[in-house]
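Trainee: I am new to this structure and would like a close look at a single part of it. Please take one helix, go through it slowly, and then show how its surroundings compare.

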Amino acid sequence: MWRVMVISSTPKRFVHRSLVQRGNFYGFRCWIRAFSGLSDDYREILRSGLRDIKLDDAVDLFGEMAKSRPRPSIIEFSKLLSAIAKMKKFDVVISLGEKMQMLGIAHNDYTYSILINCFCRRSELSFALAILGKMMKLGYKPDIVTLNSLLNGFCRHGKRISDAVALVDQMVEMGYQPNTVTFNTLIHGLFLHNRVSEAVALLERMVVKGYQPDLITYGAVINGVCKRGHTDLALNLLKKMEAERMEADVVIYSTIMDGLCKHKHVNDALDLFSEMESKGIRPDVYTYSSLISCLWKLLEAEELYEEMIRRSIDPTTITYGSLINGFCLQDRLEEAKQMFALMVSKGCLPDVVIYNTLINGFCKSKRVDDAMELFHGMSRRGMSGDTVTHNTLIKGFFQAGDCENAQQVFKQMVSAGVPPDTMTCNILLDGFCKNGRLEKALVIFQDLQQKSEMALNIVTYNIMIEGMCKAGKVEDAWDLFNSLCLKGVVKPDVVTYNTMISGFCGKGLKQEADALFREMKEDGPLPNDCTYNTLIRAHLRDGDKDSSAELIKEMRSRGFCGDASTISLVGNMLCDGRLHKSFLEMLSSSAREIVEQPCSDQ
DNA sequence: TTAGGGTTAG
């Protein structure tokens with residue numbers, strides 16, 4: 001509707017001076033007038049400021065307000081729209097805004113501003129700009145709030161971060177004073193577009209220009225740098241806050257600890273945990289959940305769980321999820337299930353992620369039946385699986401060699417209206433290839449390429465190239481590899497090259513493998529340990545000691561070493577006298593241990 | 001009555 005209709009309004013401002021001067025008495029009359037015709041319940045909801053209102057109730061209230069005569073003022077409508085916008089139901093706000101239009105309820109600058117915000121949050125910038133134009137035509141000058149909303153729209157939009165930066169400059173030129181929200185929005189936008197150094201620079205410029213960054217500003221920057229592994233920078237920012245006498249809170253500390261843990265500085269994280277406590281900042285459920293999720297390999301995770309219970313910090317679904325995931329990763333499935341039962345007994349409702357974690361754990365442990373039982377348990381609770389649930393089960397059945405049930409789950413997924421994604425396709429293709437049904441995979445692959453809109457990624461092609469190579473169809477694989485290079489839509493990665501090189505080696509096409517390796521070094525992805533090991537084994541099997549030695553040298557110089565199968569091959573060749581002991585020493589330091597051991601019979 | 005936004009799980 002907005003697409004064809006330009007919203008109209010009366011430019012009159014509602015608050016009249018005489019009305020204000022008459023004070024409370026007149027205000028009371030207005031109050032009565034505003035709510036007459038509404039049921040008592042709704043009057044109460046409006047009076048209480050719409051806190052904790054549910055979406056359905058809000059929409060019903062809108063209907064009542066629209067029907068009641070005389071109608072409540074536009075201010076009441078704007079409060080309601082704002083409450084729905086806070087629930088992030090932007091599409092609902094937009095459609096109610098359209099309804100107001102149809103019912104002849106005139107918008108004002110606040111409702112326009114809310115609508116601009118909603119269109120921006122939905123990345124529908126053109127509509128936001130159209131409303132802005134309409135608003136200005138009616139004589140409303142956009143204020144900093146409206147402009148910040150618009151800025152947020154530019155920041156969230158895929159390609160318009162430069163426009164966002166330009167908008168701020170324009171705002172200043174037009175005499176607007178940017179505020180902390182302006183800067184925070186722009187900083188957040190820069191991070192969304194991975195422009196880390198510009199975001200950090202903006203924080204510094206803020207300080208230079210005399211704007212005091214707030215906890216949100218620091219939090220956003222610290223989070224942005226931590227997620228990208230720059231934990232040193234985060235710790236420096238923490239020091240800077242201290243220097244500015246700004247007290248970091250539990251969120252800032254938790255964010256840095258999470259970053260440290262995820263980037264393998266667990267001890268630093270635990271130090272920071274002590275530092276935080278010594279400053280009297282109490283860890284909360286986020287702090288504990290984050291630490292537990294990072295420390296699942298260690299006993300500390302379970303200890304931390306007990307500690308938080310002792311300190312009366314209530315675990316959430318996410319805390320339990322981290323613990324359950326930890327047990328699953330260690331294949332301690334019974335304990336995972338016990339934890340699941342514990343969380344349910346404590347009244348913490350499992351969500352789809354919890355189920356997916358457990359289902360994944362059982363599938364990985366080749367217990368697909370138990371995984372299916374959990375899946376049925378979900379239905380009994382009135383929950384339905386999402387794309388991840390189905391992907392996990394399909395993969396589980398394929399890994400158990402059960403193509404029929406894998407297909408069955410896929411069919412169920414489609415009939416239940418759960419949208420398959422690229423991962424689903426990759427799992428299906430890989431499953432059929434690995435279960436000796438390349439032909440079936442090829443049919444699906446062709447359909448996907450010709451008849452569907454599904455975006456295939458490099459993993460899809462890697463799966464097919466590997467499938468073809470393993471089935472001995474190296475020429476077909478090579479055609480597919482070359483078609484990738486020709487089309488240029490998806491770029492071959494190191495795995496693509498490794499798979500193809502391995503395919504050539506497997507067919508004894510060593511020259512082709514070498515040629516591809518050279519091509520890779522000139523104009524492709526960086527070779528990794530797998531590339532070298534594949535080639536080294538091929539050359540060793542061919543008895544080409546010189547080339548093998550050369551490759552080993554090159555591999556070691558790049559910081560890689562022989563993998564298990566290369567070491568085992570060399571070990572065997574050493575035993576039957578085809579190789580000299582020095583070869584093994586060349587491969588890796590850990591390989592020397594094998595030299596000391598007696599040769600196996602193989 | 002309008003805006004931004006920092007922490008946790010598959």
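Mentor: What follows starts with helix 32 and then moves to other helices, some loops and the DNA.

The model is a predicted one. Helix 32 runs over residues 545-557, and its 13 residues should span 18 Å at 1.5 Å a residue. The end C-alpha atoms of helix 32 are 18 Å apart, which agrees with that expectation. Four residues of helix 32 to look at are Ser-548, Leu-551, Ile-552 and Met-555, which are buried. Viewed down the axis of helix 32, these buried residues fall within an arc of 105 degrees, so they line one face of the helix. The face turned away from that buried side carries the exposed residues Asp-546, Glu-550, Lys-553 and Ser-557.

What covers the buried residues of helix 32? Among the elements that do so are helix 30 (510-523), helix 31 (529-541) and helix 34 (582-587). Just past the end of helix 32 comes Gly-559, with a positive phi of about 90 degrees.

Helix 30, one of the covering elements, can be read in the same manner. Helix 30 has 14 residues and reaches 20 Å from its first C-alpha to its last, close to the 20 Å expected at 1.5 Å a residue. Its buried residues are Lys-510, Ala-513, Asp-514, Leu-516, Phe-517 and Met-520. These residues cover an arc of only 165 degrees around the axis, which puts them on the same side of helix 30. On the face turned away from the buried side, helix 30 carries the exposed residues Gln-511, Glu-522 and Asp-523. The cover over the buried residues of helix 30 includes helix 28 (474-487), helix 29 (494-506), helix 31 and helix 32. Helix 32 is thus listed as cover for helix 30, and helix 30 is listed as cover for helix 32.

Ser-557 also gives a way to step to another part of the chain. The C-alpha atoms of Ser-557 and Glu-306 are separated by 47 Å, and the two residues are 251 residues apart along the chain. Glu-306 is in helix 18 (residues 300-310). With 47% relative accessibility, Glu-306 counts as partly exposed. The buried residues to note in helix 18 are Ala-301, Leu-304, Tyr-305 and Met-308. They cover an arc of only 105 degrees around the axis, which puts them on the same side of helix 18. The buried residues of helix 18 pack against helix 17 (285-294), helix 19 (317-329) and helix 20 (333-345). Ser-312 follows helix 18 and has a positive phi, near 55 degrees.

Some backbone values in the loops deserve a note. Most residues other than glycine have a negative phi, and most peptide bonds are trans. Asp-331, in the loop between helix 19 and helix 20, has a positive phi near 60 degrees. At 47% relative accessibility, Asp-331 counts as partly exposed. Ser-123 has a positive phi of about 60 degrees although it is not a glycine. Ser-123 sits in the loop between helix 7 (109-121) and helix 8 (125-137), and its relative accessible area of 35% makes it partly exposed. The peptide bond from Arg-69 to Pro-70 is cis, with omega near -10 degrees. Pro-70 lies in the loop between helix 4 (55-67) and helix 5 (74-86).

A single buried side chain shows how contacts look at the level of atoms. Thr-422 is in helix 25 (residues 422-434) and, at 18% relative accessibility, counts as buried. A polar atom of the Thr-422 side chain lies 2.9 Å from the backbone oxygen of Ala-455. Leaving aside residues up to four places away in sequence, Thr-422 touches Met-454, Ala-455, Leu-456, Asn-457 and Thr-460.

Last comes the DNA. Of the 50 residues around DNA strand B, those that come nearest are Ser-78, Arg-156, Asn-184, Ile-216 and Asn-356. The residues of the surface near strand B divide into 13 nonpolar, 25 polar and 12 charged. Of the strand B atoms within 4 Å of the protein, 46% belong to sugar or phosphate, and the rest to bases. An N or O atom in the side chain of Ser-113 is 3.1 Å from a base oxygen of strand B. For Ser-289, the distance from such a side-chain atom to a base oxygen is 3.4 Å. For Thr-185, an N or O atom of the side chain is 3.3 Å from a sugar or linking oxygen of the strand.

Terms used. Residues are numbered from 1 along each chain as its sequence is written. Chains are lettered from A and ligands numbered from 1 in the order in which they are written. This is a predicted model: local features need pLDDT of at least 70, side-chain atom pairs count only at pLDDT 80 or more; totals for chains, interfaces and linings use all residues. Side-chain values use heavy atoms; hydrogens and water are left out. A residue is near a molecule or strand if one of its heavy atoms lies within 4 Å of it. A polar contact is a pair of N or O atoms within 3.5 Å; within protein, one must be able to donate a hydrogen and the other to accept it, and residues adjacent in sequence count only if both atoms are side-chain atoms. Ala, Val, Leu, Ile, Met, Phe, Trp, Tyr, Cys and Pro count as nonpolar, Asp, Glu, Lys and Arg as charged, and the others, Gly among them, as polar. Helices (H or I, at least four residues) and strands (E, at least two) are DSSP runs, numbered from the N terminus. Buried means under 20% relative accessible area, exposed over 50%, partly exposed in between (1.4 Å probe, protein chains only). The expected span of a helix is 1.5 Å times one less than its number of residues. The arc is that of the directions from the helix axis to the C-beta atoms. Contact means heavy atoms within 4.5 Å.
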